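Q: Could we go through some features of this structure together, with the general idea of each one before the particular case?

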Amino acid sequence: MRTPIPVDFGFTDEHALLRQEARRFFAERVTMADVRKLADDPLGHDPGLWREMAELGWVGLVLPEAHGGAGLGHLHLALVLEEMGRRLVPSPLLATLWAGFALEAAGSEEQRRRFAPALAAGTLLGSLAICEPGGSWEPHDVAGTAEPSEGGFVLRGLKTHVLAGAAAGLVVAPFREPSGELALFAVELPAPGVSVAPEVSVDPTRRTARVAFDGARVAASARLPGDGFQALHATCVRAYAALAAEMVGGADSVLETTREYAVQRKQFDRSIGSFQGVKYPLVDLLIGVEMARSHAYGAAAALDADPAGAETWARMAKALASDVFATAVRKGVQLHGGYGFTWDCDLHFYFKRALWARGTLGDAAHHRRHLAADLIDGSGDPA
Amino acid sequence: MSAAEEVEPGEIAEFRREVRAWVGANKPADPGWKLPQTFLEVESERQFEFLRAWQRKLFDAGYLGLDWPAEYGGQGDTLKRQRVVSQELNRARAPFLVNTIGLQWAGPTILAHGSEEQKRRYLRNILSAEEIWCQGFSEPGAGSDLASVQTRAEPAADGWLVTGHKVWTTLAHYSKWMILLARTDPTVGKYAGLSYFLFPMDAPGVTVQPLVKMTGEGGFNQVIFERAPMPSSALLGRLGEGWKIAMTTLTFERGAAEGSGGGQATSSAESVKRLVSLARRAHRDGRRAADDPVLRDRIAQLWIEEEALRIAALRMRVPALDSERPLALRLMNKLVYSEFNQRLAELGCEVLGPDAALWLGDPCAVDRAEWPRAYMNSFGMTIGGGTSEIQRNILGERVLGLPKSK
């Protein structure tokens with residue numbers, strides 16, 4: 001059963017204030033010069049900025065108040081992430097959010113009390129490790145194993161493209177138990193038997209890693225008791241919506257930058273934006289960005305209304321954001337002409353962000369495959 | 001299972017249930033002969049009377065003009081419930097309302113710019129379909145460049161004499177009135193010389209000639225005026241305000257503003273749901289179309305877009321979620337719907353495979369060749385009311401602030 005999207009999206013004055021505050025905060029605190037500097041920084045984010053975000057309550061925005069969070073909703077989160085995407089803010093926020101989602105979905109009260117307040121306070125960076133060398137982000141495809149041993153578990157498997165994997169102090173990852181069922185494990189890093197190798201990401205504003213579990217022994221308390229498959233599924237749905245909102249911000253920024261350039265740049269004695277060969281692709285991009293924004297807000301509002309039926313909306317949001325962001329950077333670079341092809345022009349950072357984001361958590365074709373299965377066959381399983 | 005309609009305030013939800021039940025019980029049965037898909041191809045008396053009776057029935061039941069003031073035949077509804085009726089008609093695939101131009105374009109324009117007398121004279125009969133309206137804007141030499149209209153209205157004893165040539169005048173052959181854009185002053189600039197009239201189609205000197213659409217159907221006309229008289233009361237607004245008022249009409253025509261008396265311009269708005277049901281039945285390449293992975297991907301893409309349009313319609317009603325570019329969603333409405341419908345109808349033809357080539361009259365044509373017809377008819381919507389190219393210019397200039405194209 002699909003969650004109907006509330007006609008007013010559940011939008012309140014509080015949302016408007018938060019958006020305004022986030023926009024002002026990131027505009028003041030994160031310039032493109034900062035992004036360029038952090039792109040070359042070994043850590044890849046600004047710990048001072050991260051502390052401020054935690055103090056503002058944004059790191060624990062959707063974590064329950066009982067666990068140190070602000071207890072707000074997905075639409076709040078979407079509005080903050082959209083602003084971060086607009087400015088390409090290098091930050092461990094998404095990774096920490098995703099780990100928090102998983103912890104909430106499967107963790108015991110004790111586990112949640114142990115980790116969530118530290119995540120919300122920004123003192124513990126979280127990470128979620130789903131993808132494996134097969135290249136799938138779907139819970140079904142997890143192959144890594146967890147074997148009970150001496151009152152604990154032995155974890156085996158390679159997790160790839162783990163966001164903030166090297167900086168994280170806590171990684172949540174799914175493994176298959178001997179029964180074939182999935183279970184989620186929360187593993188504090190560093191840990192013996194777990195090796196973390198930073199990847200060289202095309203997107204220098206994102207840090208990813210390969211996390212290898214080579215027979216890592218973990219205590220029984222590392223296993224989250226909730227149904228692993230259901231919990232990971234629910235986590236992914238929330239993660240699609242969050243990433244989509246951030247991507248919409250990025251795409252919107254590319255549209256705005258390219259629009260400005262098309263007005264200022266003169267050739268043949270006129271603004272190139274007066275040529276229909278430039279104007280029409282920008283208009284098509286405008287339409288794409290607005291449609292993707294509608295889906296990002298729709299998915300967030302559906303998650304706030306009833307997360308159990310939000311999968312369709314979250315997949316649609318991620319699929320459309322992936323396509324639109326990809327189109328935005330392609331058109332953006334092209335319409336900036338020779339300048340767009342240079343290192344000096346900031347667009348290449350967005351270009352690389354889009355390359356990273358489209359394939360992360362499943363690309364557009366992947367989600368359409370699941371949507372088609374839902375729509376045509378009435379099941380969530382793609383043919 | 002659409003996104004939009006389900007969670008809404010109780011009084012709207014209750015009204016929706018009532019309308020849904022009424023439409024279910026009163027929607028006319030398939031007459032067994034071909035009904036037009038859109039208001040562009042009403043070509044026989046039989047079709048026209050069938051459609052007119054349906055509109056009248058809806059009006060008598062109190063489901064038209066809800067948002068229009070009561071003194072002009074409406075109901076002065078403050079909840080803006082007319083859109084609920086339109087959505088339910090669409091949902092039920094009920095026949096379109098034949099007085100489309102009156103309900104959706106002329107009526108709201110008269111409400112916005114008409115004198116008290118004009119509002120009292122015209123609006124009620126629009127709702128009841130007693131008087132049908134057509135639109136006299138385009139000319140052979142004035143299509144996308146609408147302001148270069150050459151049809152003249154020259155002052156005469158008690159009004160004006162009209163001379164000129166209008167084209168694409170849908171429903172002109174059944175119309176009592178025309179919203180007419182004509183040049184009243186050839187000596188001033190092309191915009192300032194235009195005025196807007198409510199022209200009586202039964203005037204002498206008016207000839208209506210049918211034009212035939214690419215589907216082979218008529219209903220779409222040209223109108224020749226040879227010193228056709230109209231009274232001075234035919235003027236809407238002030239002399240020389242024609243362009244401004246025509247823009248009001250186009251704003252309604254493009255769905256960029258609310259204010260319709262009701263209904264929709266097509267009965268057979270296709271949907272992704274119908275496309276899926278077609279894909280389950282149709283065979284191509286020796287297998288069910290629904291099992292073709294490429295078609296599945298494209299159907300899913302259109303589903304995403306269909307839902308995006310529904311969610312956008314909700315977003316427009318929450319101003320704060322629409323504040324980045326306040327005009328964008330409204331001004332893109334006509335463009336995105338018409339292009340979406342075109343791609344949907346085209347994909348329907350692809351789903352049909354070789355059977356898409358079967359036309360009306362062939363016993364094996366699927367659903368009376370509904371999909372190839374819809375595909376052809378879709379161009380009426382991407383061209384009429386300002387082409388998609390003109391819509392892109394408007395969006396580029398008014399929303400993105402790009403300089404005018406020369």
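**Reading helices, packing and backbone angles**

A: Let us begin with helix length: in this predicted model, helix H9 of chain A, residues 311-335, has 25 residues and reaches 36 Å from its first C-alpha to its last, close to the 36 Å expected at 1.5 Å a residue.

Q: Is H9(A) largely enclosed by the rest of the structure or largely open, and how many of its residues are buried?

A: A residue counts as buried under 20% relative accessible area, and 19 of the 25 residues of H9(A) are buried, so this helix is largely enclosed by the rest of the structure. Just after H9(A), the backbone at A:Gly337 takes a positive phi of about 65°.

Q: How should I read the packing of two helices, and at what angle do H1 and H3 of chain B pack?

A: One looks at the angle, the distance between the axes, the handedness and the residues that meet. Helix H1 of chain B (residues 10-26) and helix H3 of chain B (residues 82-91) pack at an angle of about 40°, their axes being 9 Å apart. That angle makes H1(B) oblique to H3(B), since angles under 35 degrees would count as roughly parallel and those from 65 to 115 as roughly perpendicular. The crossing of H1(B) and H3(B) is right-handed.

Q: Which residues meet where H1(B) and H3(B) are in contact?

A: From H1(B) come B:Ile12, B:Phe15, B:Arg16, B:Val19, B:Arg20 and B:Val23, which meet B:Val84, B:Val85, B:Gln87, B:Glu88, B:Leu89 and B:Arg91 of H3(B). By character, the residues of this contact divide into seven nonpolar, one polar and four charged.

Q: How does one read a single residue within a helix, and what does B:Asn125 touch?

A: It helps to take its location, its accessibility and its contacts in turn. B:Asn125 lies in helix H5 of chain B, residues 116-127, and is buried, with a relative accessible area of 13%. Not counting residues up to four places away in sequence, B:Asn125 touches B:Asn99, B:Glu130 and B:Glu131.

Q: What does H5(B) pack against through its buried residues?

A: The buried residues of H5(B) are B:Gln118, B:Lys119, B:Tyr122, B:Leu123, B:Asn125, B:Ile126 and B:Leu127, and they pack against helices H2 (45-60) and H4 (100-113) and strands S1 (133-136), S4 (177-183), S5 (194-200) and S8 (235-236) of chain B. The twelve residues of H5(B) should span 16 Å at 1.5 Å a residue, and the end C-alpha atoms are 17 Å apart, which agrees. Just after H5(B), B:Ala129 takes a positive phi of about 65°.

Q: Why are a positive phi and a cis peptide bond worth noting?

A: Most residues other than glycine have a negative phi, and most peptide bonds are trans, so departures from either are worth noting. The peptide bond from A:Leu189 to A:Pro190 is cis, with omega near -5°, and A:Pro190 lies in the loop between S5 and strand S6 (194-198) of chain A.

Q: Where are A:Ala164 and B:Asp367 found, and is each buried or partly exposed?

A: A:Ala164, with a positive phi near 60°, is found in the loop between strand S3 (152-163) and S4 of chain A, and is buried at a relative accessible area of 7%. B:Asp367, with a positive phi near 50°, has its place in the loop between helix H9 (328-352) and helix H10 (370-383) of chain B, and counts as partly exposed at 31% relative accessibility.

How values were computed
Residues are numbered from 1 along each chain as its sequence is written. Chains are lettered from A and ligands numbered from 1 in the order in which they are written. This is a predicted model: local features need pLDDT of at least 70, side-chain atom pairs count only at pLDDT 80 or more; totals for chains, interfaces and linings use all residues. Side-chain values use heavy atoms; hydrogens and water are left out. Helices (H or I, at least four residues) and strands (E, at least two) are DSSP runs, numbered from the N terminus. The expected span of a helix is 1.5 Å times one less than its number of residues. Buried means under 20% relative accessible area, exposed over 50%, partly exposed in between (1.4 Å probe, protein chains only). Axes are lines fitted to C-alpha atoms, for helices over the stretch in contact, and angles run from 0 to 180 degrees between N-to-C directions. Angles under 35 degrees count as roughly parallel, over 145 as roughly antiparallel, 65 to 115 as roughly perpendicular and the rest as oblique. A crossing is left-handed if the near helix is turned anticlockwise from the far one by less than a right angle, and right-handed if clockwise. Contact means heavy atoms within 4.5 Å. Ala, Val, Leu, Ile, Met, Phe, Trp, Tyr, Cys and Pro count as nonpolar, Asp, Glu, Lys and Arg as charged, and the others, Gly among them, as polar.
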